[in-house]
Every structure is written in structure tokens, then in C-alpha cells.
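Grab a pencil and open your favourite viewer. Here are a few exercises to work through, each with a solution to check yourself against.

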Amino acid sequence: MKHLIPEFEQWKLRYPAGFESSLTIPCLRRIQEERGYVAESDIDDLVEYLGVPRIQLEEVLEFYTQFRRAPIGTHHLQVCHNVSCTMRGAERLLRHLHDRLGIVAGQTTPDGCFTISRVECLGSCGTAPMMMVNDSYLENLDVAVLDTMIAELSAERAQ
Amino acid sequence: MSGQRVFMDFPITATSHTLADYRARGGYEAIGKALREMQPEQVTKEVATAGVLGHGGAAFPAGRKWGVITLNDGQPHYLCMNADEGEPGTFKDRWLLEHTPHLLLEGMLLGAYALQARHTFVYIRGEFDLAYRRLADALEEAYAAGLFGEQILGTDFACDLVIYRGAGSYVCGEASAMLTSLEGKKGYPRNRPPRLTVAGLYQKPTVVNNVETIANVPYIVKHGSARFREIGTPKSPGTQLLSVSGHINTPGVYEVEYGYPFADFLANECGGMLRGATLKCVIPGGISTKVLTAADIMPITMDHQAFLAAGSQIGSQGMIIVAEGTCMVSLLQVMTRFYHHESCGQCTPCREGMGWLEKISNRIVAGRGAPSDIERLYQISRANDGTTICGLGDAAGYATVGILDKYREEFEYYIANGRSMYDGRVEVAV
């Protein structure tokens with residue numbers, strides 16, 4: 001994590017003085033963006049850098065759904081299963097993903113290519129059903145869109 | 001006609017979100033006017049006179065919230081825009097963030113000037129990607145143009161803005177939880193009093209406003225409160241951005257004046273029901289508001305008074321349109337799963353109650369429900385009303401009671417027969 005400190009110092013310029021504690025979530029996000037998850041050593045480094053109690057970081061990592069303490073598949077498929085998406089076929093599409101990839105939500109394919117998660121509303125109900133593929137929204141899903149996505153991402157890996 | 005526009009008055013192009021385009025349509029004139037011609041108190045007074053009601057769900061008058069802040073009291077004030085849009089069915093703030101981010105930044109400057117807040121924040125939900133990038137790019141453009149930082153537009157006014165990304169938590173959309181999160185902690189809501197305008201972020205006076213609420217401010221400052229009040233109804237002035245989804249042909253975000261009839265909205269903006277289905281009911285303002293049957297909602301107009309009279313609320317303006325044939329028991333199961341997942345666990349009635357709402361819903365849907373389960377769902381819902389720090393448990397209770405009150409016979413049928421009165425699906429069954 002230590003090589004990110006110059007970047008963190010830049011962020012501080014727009015915060016009021018004494019807001020070090022506020023940097024926990026942005027710093028953890030940045031660390032995870034780079035490593036794919038937050039490692040024990042990152043927590044040690046961040047405790048030292050921000051001067052916040054270790055328990056605060058542990059709680060934050062536990063509380064927010066986007067943080068991970070261990071690596072997952074290359075492509076994280078987060079399928080919304082809230083009201084509007086379910087009303088437009090989210091469960092049917094989840095079954096299709098299970099059929100195609102051989103895994104259920106919470107699992108990663110043996111080749112490490114895909115992880116499926118069920119998630120709550122992502123604020124994209126007008127284009128339901130939808131999912132996130134890593135950081136991007138994939139909207140107006142149907143079986144054809146899913147098949148294209150799987151084919152493209154699998155081909156990317158094969159290269 | 002859905003009426004006059006405050007936000008959707010420009011064509012969306014490849015560059016309509018940029019500073020150059022925003023300026024070409026009159027952007028940043030309001031902050032210039034305020035800094036040259038108005039005292040901070042006058043800005044607050046104009047917003048109060050305009051009568052703009054908060055667009056985050058509670059419809060609290062924005063001007064009154066601002067008016068609570070005492071200027072020159074020797075302590076810092078903070079302004080935070082709530083862009084943690086997470087109420088299921090709601091995606092209107094995302095439209096503003098993606099398509100007109102500079103309008104929001106100008107609104108924040110006006111708010112910062114009115115409240116004398118040197119530091120401001122936008123708390124944006126962590127999953128938003130394009131919305132975040134558009135806002136972050138706009139902020140860098142604005143800094144480079146001297147619209148943030150020191151000596152803004154050649155005056156003594158100074159303001160910094162931080163875009164703070166959440167990390168996945170529904171409850172952080174609640175203002176006090178948002179500020180706890182902004183302090184870098186897990187997002188536990190806080191007891192009031194003290195109110196956040198007295199002791200908010202790091203215990204300093206803090207105003208939290210919804211994205212759409214802030215977005216109204218440049219219009220009000222530029223054109224005056226009198227002109228703003230010509231839009232909408234006397235008690236619900238202005239427009240609302242409605243997010244509409246579900247079993248309709250053209251889901252999306254639409255700007256309508258308060259007072260627009262629902263039946264016209266369904267026929268015109270929504271493009272009618274999907275595949276010719278019949279309207280069953282509407283979850284009117286995010287899933288935390290009480291469901292309205294077709295008979296309840298078809299005759300009414302869309303404003304705060306009409307929705308309250310019908311027994312529900314405009315809420316977060318996220319409408320979910322439900323077709324006849326949809327299983328309301330299965331729908332409740334989806335909703336209770338959500339509330340259970342999102343309960344932060346701080347208060348016992350919610351932590352335990354949300355779990356039981358989901359468990360009971362699950363067992364009814366699995367065909368193992370008991371006749372007494374209906375009364376149990378009522379009991380748990382009522383046990384949350386007013387007994388917890390924030391409104392999450394209350395809201396889950398309202399949603400549950402709303403569905404049970406209107407569709408009790410579907411629950412009785414499901415429990416008696418071990419299967420849905422329909423085919424058990426919530427996907428449109430036409």
C-alpha cells in the first residue's frame with residue numbers, strides 16, 4: 001500500500017484539517033482497486049498511516065458489501081435480484097448463468113474466470129434486469145446479452 | 001402535457017455534460033449573481049420562499065433546513081449532497097449526475113455560500129460508475145476554471161468539494177449514517193437529538209440535501225422564487241424527476257410537474273402496460289412506501305397531498321408498476337430479503353425483526369406457512385414502528401403492512417394451499 005501514499009496525500013488537500021479518519025474508505029477502495037482485495041498487510045500499513053484504530057478498519061471492511069478480504073474471479077458478475085429486476089426476469093437470468101457457468105451465486109468458476117454474486121438494488125431499475133461486470137453496468141439483460149458477454153470475456157481470457 | 005421543466009430542458013449530446021455546454025445554456029450565472037448581488041441569507045430566503053421540498057424521500061422543506069444554520073457562529077459548517085441513491089426503484093439522481101453534473105456543482109456552490117460552508121461533500125454510492133466519473137470530471141473542469149478553491153469568480157468566497165464514494169450500504173443513504181460513513185466508519189445511524197444541523201459531521205453543523213433538491217437551487221436563484229412557484233401545485237411547487245420501472249413499456253426517468261395525473265403518466269410517459277397487461281398496483285415512491293392499488297392511484301394526481309390522502313407517499317419518487325397476475329407474496333419475499341440484508345444491526349427490533357420478516361416470507365413461499373404467520377408479520381412490522389434509531393425498520397414495516405392490508409387474500413390462499421394464487425412469479429405473466 002505504501003506506494004499509494006503520495007496519491008493519498010494529494011487527496012488530503014481538499015479535505016479540512018483533521019479529517020484523517022475520513023480517508024479510511026477512499027484508501028481501502030483504492031487499495032482494493034489495485035490488488036483486487038484488501039490484504040492483512042494493507043490494514044497494518046493503513047493503521048500506521050492514518051493513525052486510526054485497527055478495529056475501525058476491520059469494521060469498515062466487514063460492514064460495506066463492496067470490500068473483500070480475499071481474491072475472487074477475474075470477472076465479478078453482480079446480478080441485481082431486487083424488486084424491479086426480479087419483475088423483469090432476474091431469477092430466470094440467474095438460472096441461465098448457473099447453467100452456462102456451472103456455478104451458483106457466491107461461487108467462482110474453477111478456472112478463476114467468473115464469480116457470481118446476488119446483489120441488492122444498484123439504482124438502474126429503468127434498464128432492468130441488470131448486473132455489474134466488475135465496475136461497469138450491463139443493462140437491459142436477456143439470455144442473448146448474457147451469452148455474448150460470456151463469450152467475449154472467455155475469449156479475452158483465452159488470448 | 002407533463003408541464004414545465006427545470007432540469008430536462010436541453011438535448012442530450014456527446015458533450016452536454018461538459019462545462020462548455022453547461023455555460024452555453026446559462027450555467028454558473030446563478031452563482032455569479034449570488035456572489036455579486038445577494039447576501040448568503042438572501043439565498044436561503046429565496047430557497048425557503050420557493051418552497052422546494054426535499055427530493056430524497058421525506059419532503060422536508062429545504063429552505064427551512066438551511067435556515068436552522070446560524071451564520072457567523074464561529075464554527076465550521078458543512079454541506080453534503082446525498083447521492084447515495086439506493087432506495088429500490090429509484091434511479092433519478094443518477095440521471096442528474098450523468099447528464100448535468102455542473103448543475104449539481106453550481107447548486108453546491110450556492111448552498112455553500114448560503115450556509116457559509118468552506119468545505120462541501122458529495123457522498124455518492126460506491127457502485128455508480130459513469131455517474132461518478134462524470135461528476136469527478138466535471139469537478140476537475142470546475143476547479144481548473146476557478147469555480148472551486150480560493151477566490152471564486154474573483155471574490156473572497158472560497159469553497160472546496162470532495163466526492164466521497166460509498167462502498168455498498170443502503171443505510172448510508174440515511175443522513176446521519178452517511179455522516180458516520182463520511183467520518184470513515186461503518187455506517188451506523190445516530191440518535192436525534194441533536195439534529196445534524198446542530199451536530200453533524202465531526203459534531204459540526206451539517207446540512208444534508210438530496211441531489212435533486214440541490215439541483216433546484218440554481219433555477220431558483222437565477223429566476224426567482226416567484227417563477228419557481230408558478231410550476232407544480234401551491235403545496236408541492238416545482239417538478240419531480242420520477243424513476244419508473246416494472247411492467248411497463250418505456251421505463252426511465254421523466255420530469256413532470258407536481259400535480260400531473262397518474263393515468264396520463266402511465267399512458268404517455270410509461271408507454272402503457274407491458275404486453276397489454278392490466279395494472280394491478282403501484283409501489284409509488286421506492287419500496288419503502290405503501291402500495292397503492294389500481295383503484296387507489298388511477299384517479300389521483302402526482303403530488304404530496306394527493307398521495308398522502310390516498311394513504312401513501314411520493315417518497316423517493318421511484319415508482320414500480322405492477323401488472324395483474326403478479327404474486328404479491330413472492331414480491332414481499334423479495335422486499336423482506338432486501339431489508340434483512342440491509343439492516344445495519346444496531347437496533348434489536350430491526351436486526352431481529354428484518355430477519356424474521358424474511359424467514360416467515362420464505363416459509364410461506366416454500367408452502368410451509370402457518371395461518372398465524374399473517375398476524376406475526378403484522379406484529380413484527382408494528383414492533384419496529386418508532387422503536388429504532390433510523391427509519392429502515394419502520395419503512396420495512398410500512399411496506400409489509402401495505403401489501404398485507406391490500407392483498408391479504410393472496411397470503412391466506414398461499415398458506416392454505418401451499419402455492420400461489422397465481423403462478424408464483426413476479427415477472428410479468430402475460
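The exercises below start with chain A, move through chain B and end where the chains meet; keep in mind that this is a predicted model.

**Exercise 1. Sketch the layout of chain A: how many helices and strands are there, and in what order do they run?**

Solution. Start with the count: chain A has seven helices and four strands. Next, put them in order from the N terminus, which gives α-α-α-α-β-α-α-β-β-β-α. Then split the chain: the domain assignment places domain 1 at 2-63 and domain 2 at 75-158. The C-alpha centres of these two domains of chain A are 30 Å apart. Finally, add the overall dimensions: along the principal axes, the C-alpha atoms of chain A fill a box of roughly 50 × 35 × 25 Å. Of its 159 residues, 36% count as buried.

**Exercise 2. Work out where strand E1 of chain B sits: which strands is E1(B) joined to, and why is it largely enclosed?**

Solution. Take the pairings one at a time. Six bridges link E1(B) to strand E2 (residues 119-124) of chain B, and the two run parallel. For one point of register, look at B:Leu79, which stands opposite B:Thr120 in E2(B). Now the other pairing: E1(B) and strand E4 (residues 206-210) of chain B are joined by five bridges, again running parallel. Here B:Asn82 has B:Asn210 in E4(B) as its bridge partner.

Next, check the side chains. B:Tyr78, B:Cys80 and B:Asn82 point one way from E1(B), while B:Leu79, B:Met81 and B:Ala83 point the other way, and all are buried. That settles it: six of the six residues of E1(B), residues 78-83, are buried, so the strand is largely enclosed by the rest of the structure.

**Exercise 3. Take helix H15 of chain B and find its buried residues: where do they fall around the axis, and what do they pack against?**

Solution. First, the geometry. H15(B) covers residues 348-365, and its 18 residues reach 26 Å from first C-alpha to last, close to the 26 Å expected at 1.5 Å a residue. Second, list the buried positions: B:Cys350, B:Gly353, B:Met354, B:Leu357, B:Glu358, B:Ile360, B:Ser361 and B:Ile364. Third, look down the axis of H15(B): these buried residues fall within an arc of 165°, so they line one face of the helix. The spacing fits a handy rule: an α-helix has 3.6 residues a turn, so residues three or four places apart point the same way. Fourth, find the neighbours: the buried residues of H15(B) pack against H14, helix H16 (373-384) and helix H17 (392-417) of chain B. One last detail is B:Gly367, which follows H15(B) and has a positive phi, near 85°.

**Exercise 4. Describe two contact surfaces of chain B: how many residues of domain 1 touch domain 3, and how many residues of chain B touch chain A?**

Solution. Begin inside the chain. The domain assignment of chain B gives domain 1 (19-229), domain 2 (239-323) and domain 3 (328-417). Ten residues of domain 1 of chain B contact eight of domain 3 of chain B. On the domain 1 side, that's six nonpolar, two polar and two charged residues.

Now go between chains: 45 residues of chain B are in contact with 39 of chain A. Among the chain B elements giving two or more residues to this side are strand E3 (160-165) and helix H8 (175-182). H14(B) gives the most, with six residues. To finish, sort the chain B side by type: 17 nonpolar, 16 polar and twelve charged.

Notes
Residues are numbered from 1 along each chain as its sequence is written. Chains are lettered from A and ligands numbered from 1 in the order in which they are written. This is a predicted model: local features need pLDDT of at least 70, side-chain atom pairs count only at pLDDT 80 or more; totals for chains, interfaces and linings use all residues. A residue is buried if 20 or more other C-beta atoms lie within 10 Å of its own, exposed if 12 or fewer, and partly exposed in between; C-beta atoms are placed from the backbone. Two strands pair if DSSP finds at least two bridges between them. Domain bounds come from an automatic or database domain assignment. Two residues are in contact if their C-beta atoms, placed from the backbone, lie within 7 Å. Ala, Val, Leu, Ile, Met, Phe, Trp, Tyr, Cys and Pro count as nonpolar, Asp, Glu, Lys and Arg as charged, and the others, Gly among them, as polar. The expected span of a helix is 1.5 Å times one less than its number of residues. The arc is that of the directions from the helix axis to the C-beta atoms.
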